[in-house]
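This report describes selected features of one protein chain: a helix, a sheet, the salt bridges and the cysteines.

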Amino acid sequence: MPVVVVESPAKAKTINKYLGKDYTVLASYGHVRDLPPKDGSVDPDKDFEMHWEVASDSKKHVKAIADALKDDPRLILATDPDREGEAISWHLQEALTRRKAIKADTKVARVVFNAITERAVTEAMKSPRHVDMELVEAYLARRALDYLVGFTLSPVLWRKLPGAKSAGRVQSVCLRLIVEREMEIEAFRAQEYWSVRAILETPRGQSFEARLTSLGGKKIDRMDLTSASAASMAVHAVASRPLTVANVEAKPATRNPAAPFMTSTLQQEASRKFGFGAQVTMRAAQRLYEAGHITYMRTDGIDMAPEAVHAARDLIADRYGKDYVPSSPRMYKNKAKNAQEAHECIRPTDMSKSPDRLKLSEDDQRKLYELIWTRTIASQMEAARLERTTVDIASEDGHVGLRATGQVIQFDGFLKVYEEGRDDSEDEDARRLPQMSEGDALKRSAEALASEFAKIAAEDSSGVEDGDSGRTAKGGILSEDGAVLGQQHFTNPPPRYTEATLVKKMEELGIGRPSTYASIVTTIQDRGYVRKEKNRLFPEDKGRLVTAFLVNYFRKYVGYEFTAELENELDEVSDGKLDYKHVLSRFWHDFSAAVDETSELRITDVLDKINEVLEPHLFPPKEDGSDPRLCPNCGKGRLSMKTARSGGAFIGCSNYPECRYTRPMAPPGEGDEQAQLMAEGKMLGHDPETGEPVTLRSGRFGPYVQKGEPTEEQPKPPRSSLPKGWDPDTVDLDRALMLLSLPREIGAHPEDGGRLETNIGRYGPYVALHPKDGGKPVYANLPDAEEVFTLGMNRAVELIAAKQAGGGRGRGAAAEPIKDLGEYPDRGGKVLVMPGRYGPYVKWEKVNATIPKETAPEDVTMEMAVGLIVEREAKGGKKGARKRKAG
């Protein structure tokens, strides 16, 4: 039986139903090979030779495929129909050839299908081809570039910018978008403006709303009325003049349906309608695709197969009537710049399977399928027909002009099924207007706006003032008859990105591709550079720092145009127009030189430069002309940006430790409450035994409690950091005193006689046994900080005994690792993060590499550890380390 290989078990199960018992269908479980995270996996000095490694989890899957080929030497590679799918097929072919599972007589074929349906799969089997090496080379180029940027630039960040985790070819550009948007928001200064509107009545007694558009013969634009006095004059002008209809214009209009979904628009619409993140959308879409319900979900294409178009038109006629079917099929043109991404649109594989018929059990899949089905059906429906009406209103003297706009849907067309979501506010003028004719005299509708004015007035405690021409409150002016309202507004800053609008922006700039949008947006959140709150993306301090560093020292490589142009070159590789090694060579020549230029930089140089770059943002000029960097707490020190060991950053005083003023890394005024807490502390009460004040404070390493103040006799008063998970808002005097009383003695060990006590240390809560004979203590971790205050003798003895029995840190025993990172890729051997006398370090075999003091040991990743080990080896720290395995 021929061996058919796909990526996932779910896809294999669906395809197996169509092919039957004459085929063996197996899953590769994604990519079977990758570049190991170590130096030299891509070698620019050897024509960008790439050293691939079969992942440990993939070895058993490759073996299963190799074993199946022993029974039938026919291999059919049926992975996804895009660049990544082509790469998986190539990797499988290469890995199986190296295992000698593919021999001279083995027939290897590549088949692709855009949907997992019986028809699509059987048709694909009739049209086998070879692996497309142009697509593979486009993949190789992207993978090599991502490796070279990540593995070359990330170590620079670790060394020069404490707390930074990684940089990436596209992720850093995406992060820059979010950081720059945040700086726009912080630099934004709201401007006041006023609008004037009136509720008017037709001769038939029907009311409608109109807005002031001209005053004194001059057109009024949005920002023309900038003060309450100007608005008051305008309200009086409208309220004191008779008004008539000057012109009525009704125009027919049509509204066409949106194109069917491609990857980016699906992610955007799922975010608008359901609040789905890009990753959630793609996960649900993947499952729908593998189950055979929708076409392939990573695409730049919006065209639809002819048979699908006809099926949609038939369904529309059957369900909604022939009036909803346009005279000719709607054709949508692809916007894709490269053919390899331009598959068919994302659509249901069977139009007749409406959401109510399919009955999916998973909520995310059900919502997404309904979205795809309705959008697809709507895309082939008749346009909606509207009538848009504009009514111009004027006073007899021409001094005042107002306008009312509205529309009415005469035929709903595609709107019967689907309406696209919007990122901005809905159209205010999408309302119906009453019948009017030129020359109609209009009356003001008495007290029609009184309730709205009352709401405005209620928002301010200063109350309402009655004047000769009406009522005035802060934010609103109402005419005497209650029919004309002047309302205060302020301009808004640009909105923060959602995942949907970020993907849209990336698409507009030409950054990233359908297969990468979701992973890029997820990566910058996983790295701690960005956080998501209420569906909006906020940059963290470390994200700002990384961006400032990269923009200053690697500006070209986080440039929008450069990144988009490089994407275009990679598209040309996939089209066979460019040699991928030429692209790599040209990139590496300039990039490696830029990296070399940073080799002599010191951390202080970097921080000084970032201070300089961010100064207009962090220390804007003061209105009184005084020094914006003068410390507001002590009046002597100067403020500057400082980094915390946790990777964050803050503004601190140069007069430390005499002055402990700090504030968040934001412009003055933002976080003043936290700055106050950092500088002076929040009073919790007094120690009943000593009478000393107990305060809650915030420092470089987070919140802590302190008893007393520094004195000459006691320059460092008792302090204790809040344990992980403790909310500063819940800390009262009793809890503070509990922390300050540590360590807590439990009593004498019933067998050893040594002292048992609990405490909270650098690596969390623990119980310790201090032997009576003065030997080395035994430490056992506690899962919860609360146990430090409640742990009894029996439980303490059990924990210590378990620690000793398990080779714990007793007398002469080895230290317990802080973190086990697993096996060193390719070279073998455990990589551990260890506590040391002089600070934490990475241990592999006999190589010990010190972790920079600015990096928390818990934050060390395998990628970072390998970089530190390689750097240590280069300095002569091998000391008998294991040699690489051959091959």
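## Helix H3

In helix H3, the buried residues are Arg-83, Gly-85, Glu-86, Ala-87, Ile-88, Ser-89, Trp-90, His-91, Leu-92, Ala-95 and Leu-96. The model is a predicted one. H3 covers residues 83-98, and its 16 residues should span 22 Å at 1.5 Å a residue; the end C-alpha atoms are 22 Å apart, so the expected span and the model agree. After H3 comes Lys-100, which has a positive phi, near 65 degrees.

## The sheet E25-E26-E27-E28

Four strands form an open sheet in the order E25-E26-E27-E28, and their pairing is antiparallel. The edges are taken by strand E25 (682-686) and strand E28 (719-721); each has a single partner strand, so one side of each is left without a neighbour in the sheet. On average, and with direction ignored, neighbouring strands of this sheet are turned by 25 degrees against each other.

Strand E26 (residues 693-699) and strand E27 (residues 702-707) run antiparallel and are joined by six bridges. Val-694 has Lys-707 in E27 as its bridge partner. Helix H21 (residues 733-740) packs on the sheet and touches E25, E26, E27 and E28, with its direction at about 85 degrees to that of E27.

## Salt bridges

Side chains of opposite charge can pair when their charged atoms come close. The model has 50 salt bridges. Three of the pairs are listed here with the distance between their closest N and O atoms.

| Pair | Closest N and O atoms |
|---|---|
| Glu-209 and Arg-211 | 3.8 Å |
| Asp-356 and Arg-319 | 3.9 Å |
| Arg-638 and Asp-627 | 2.5 Å |

In the pair of Glu-209 and Arg-211, Glu-209 is buried at a relative accessible area of 18%, whereas Arg-211 is partly exposed at 30%.

The salt bridge between Asp-356 and Arg-319 connects two helices. Asp-356 belongs to helix H11 (residues 355-358) and Arg-319 to helix H10 (residues 306-320), so this pair ties together parts that are 37 residues apart in sequence. Asp-356 is exposed, its relative accessible area being 52%, while Arg-319 is partly exposed at 42%.

Arg-638 and Asp-627 form a salt bridge within one loop. Both residues lie in the loop between helix H19 (603-618) and strand E22 (639-643), eleven residues apart. Arg-638 counts as partly exposed, with 40% relative accessibility, and Asp-627 also counts as partly exposed, with 32%.

Salt bridges also occur as a network, which links Arg-142, Asp-146, Arg-169, Arg-513, Glu-567 and Asp-571.

## Cysteines

How many disulfides does the count come to? The count is zero. A disulfide is a covalent bond between the sulfur atoms of two cysteines. For Cys-653, the closest cysteine sulfur is that of Cys-631, at 3.7 Å. The cut-off for a disulfide is within 2.5 Å, so the sulfur atoms of Cys-653 and Cys-631 are too far apart for a bond. Cys-653 is buried, with a relative accessible area of 3%. Another buried cysteine is Cys-345, whose relative accessible area is 0%.

Methods. Residues numbered from 1 in each chain as written. Predicted model: local features only at pLDDT ≥ 70, side-chain atom pairs only at ≥ 80, totals over all residues. Heavy atoms only, no water. Salt bridge = Lys/Arg side-chain N within 4 Å of Asp/Glu carboxyl O. Buried < 20%, exposed > 50% of the residue type's maximum accessible area, 1.4 Å probe, protein only. Helix = DSSP H or I, 4+ residues; strand = E, 2+ residues; numbered from the N terminus. Pairing = 2+ DSSP bridges. Axes fitted to C-alpha atoms, helices over the stretch in contact; angles between N-to-C directions. Contact = heavy atoms within 4.5 Å. Expected span 1.5 Å × (residues − 1).
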